[in-house]
Amino acid sequence: MDPDLAAKRDALLATIRGYGRVAVAYSGGVDSAVVARAAHEALGDAAVAVTAVSESLASGELEEAQALAGRIGIRHRVIRTEEFADPNYLRNNSDRCYFCKSELYGRLVGLMDRLEVDAIASGANLDDQGDHRPGMRAAGEKGVRHPLQECGLGKADVRALARAWGMPVWDKPAAPCLSSRIAYGEEVTPARVRMVDQAESWLRARGLRLLRVRYHKNDMARIEVAPEEFAKLLADPVRGELTAAFRGFGFKFVALDLEGFRSGSLNDLIPPEQLLKPRVAR
């Protein structure tokens, strides 16, 4: 392992040991998986990974998270969150994520005694500080710790550490919740996130990995894939099959975004004065 990365790993383990017993908010993505692995290595059975399940979780993600937790060896718990019962969340303004994370972290705080933990840790990394992350405000309000940020690990460091640890998710594309695909201002509903889930699953079943299906007004699907995949989707018979499938899922219009895949592209719809620059919670 590169000496600089090894030093960051050691700092990560030491930082987590300093928390005492810890619950990791664990989605199964590379960031939270690295924190879970570090917590297990640092604390053993004093660490637990907790995965939240709701309508916004994409198909297959829970099963993958469970399998990876078993591979890591960390205790794993699954809880149900009810963000879809919150009108503020359903309204889907640019601060939607705040209400989602308030629900998640609030439930985790309420379970701390039962889980026998002293702290809650997230998978937020250093590069997340430069993004629009209303959920970080909720984390700060609940006293959640961000060990990757505290130890200076960015996205590249996290993936490098996951690879060095032999974790199969080291190159897994980011997989934010399905509600993040709904354009701001369009109500988040179980039916709409299910449409997105079915559409993205259809594309993945045809070999695409880096993709998003965004829901826009009037049941329009905007597909983002890598530009080199455009020809695959536009060629017959795939183009016709795709259109028919998406209409079957409930979309009335299907569009291919010629700019290609862009993580967080819906943030382009947020007025600049509403964009948040979160700070690290210490």
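The following exchange goes through some structural terms as they apply to this predicted model.

Biologist: Why are helices H2 and H9 called oblique to each other?

Modeller: Helix H2 (residues 30-43) and helix H9 (residues 155-164) pack at an angle of about 55°. Angles under 35 degrees count as roughly parallel and 65 to 115 as roughly perpendicular. The angle of about 55° is in neither range, so H2 and H9 are oblique.

Biologist: What else describes the packing of H2 and H9?

Modeller: Their axes are 10 Å apart, and H2 passes H9 in a left-handed crossing. On the H2 side the contact is made by Val30, Asp31 and Val34; H9 contributes Val158, Arg159, Leu161 and Ala162.

Biologist: What is the make-up of the contact of H2 with H9 by class?

Modeller: Five residues are nonpolar, two are charged and none is polar.

Biologist: Which strands does H2 lie across?

Modeller: H2 lies across S1, S2 and S4, and runs at about 165° to S1. Those strands belong to an open sheet of four, in the order S3-S2-S1-S4, with parallel pairing.

Biologist: What makes S3 and S4 the edge strands?

Modeller: Strand S3 (75-80) and strand S4 (119-121) each pair on one side only. From one strand to the next the twist averages 30°.

Biologist: How do you know that S1 and S2 pair?

Modeller: Pairing requires at least two bridges. Strand S1 (residues 22-25) and strand S2 (residues 47-53) are joined by four bridges and run parallel, so they count as paired. Alanine 25 stands opposite valine 50 in S2.

Biologist: Why is alanine 69 called buried?

Modeller: The cut-off for buried is under 20% relative accessible area. Alanine 69 has 1%, so the residue is buried. Alanine 69 has its place in helix H3 (residues 61-72). Leaving aside neighbours within four places in sequence, alanine 69 is in contact with Tyr26, Ile74 and His76.

Biologist: How far apart are alanine 69 and valine 48?

Modeller: In sequence they are 21 residues apart; in space the distance is 9.6 Å, C-alpha to C-alpha.

Biologist: What is the strand order in the open sheet of three strands?

Modeller: The order is S5-S6-S7, with mixed pairing. Strand S5 (211-216) and strand S7 (253-256) each have a single partner strand, so one side of each is left without a neighbour in the sheet. Neighbouring strands are turned by 20° against each other on average, direction ignored.

Biologist: What makes the pairing in this sheet mixed?

Modeller: S5 and S6 pair in the antiparallel sense over six bridges, whereas strand S6 (residues 220-225) runs parallel to S7, joined by four bridges. S5 and S6 form a hairpin with three residues between them. In the turn, asparagine 218 has a positive phi of about 65°.

Biologist: Which residues stand opposite arginine 222 of S6?

Modeller: Arginine 214 stands opposite arginine 222, and in S7 the bridge partner of arginine 222 is alanine 255. Alanine 221 stands opposite valine 254 in S7.

Biologist: Why is S6 called mostly covered?

Modeller: Five of the six residues of S6 are buried, and buried again means under 20% relative accessible area.

Biologist: Which helices lie on this sheet?

Modeller: Helix H10 (residues 190-204) lies across S5 and S6, running at about 150° to S5. Helix H12 (residues 238-249) touches S5, S6 and S7, and its direction makes about 130° with that of S6.

Definitions and conventions:
Residues numbered from 1 in each chain as written. Predicted model: local features only at pLDDT ≥ 70, side-chain atom pairs only at ≥ 80, totals over all residues. Heavy atoms only, no water. Helix = DSSP H or I, 4+ residues; strand = E, 2+ residues; numbered from the N terminus. Axes fitted to C-alpha atoms, helices over the stretch in contact; angles between N-to-C directions. Contact = heavy atoms within 4.5 Å. Parallel < 35°, antiparallel > 145°, perpendicular 65-115°, else oblique. Left-handed = near helix turned anticlockwise from the far one by under 90°. Nonpolar A, V, L, I, M, F, W, Y, C, P; charged D, E, K, R; others polar. Buried < 20%, exposed > 50% of the residue type's maximum accessible area, 1.4 Å probe, protein only.
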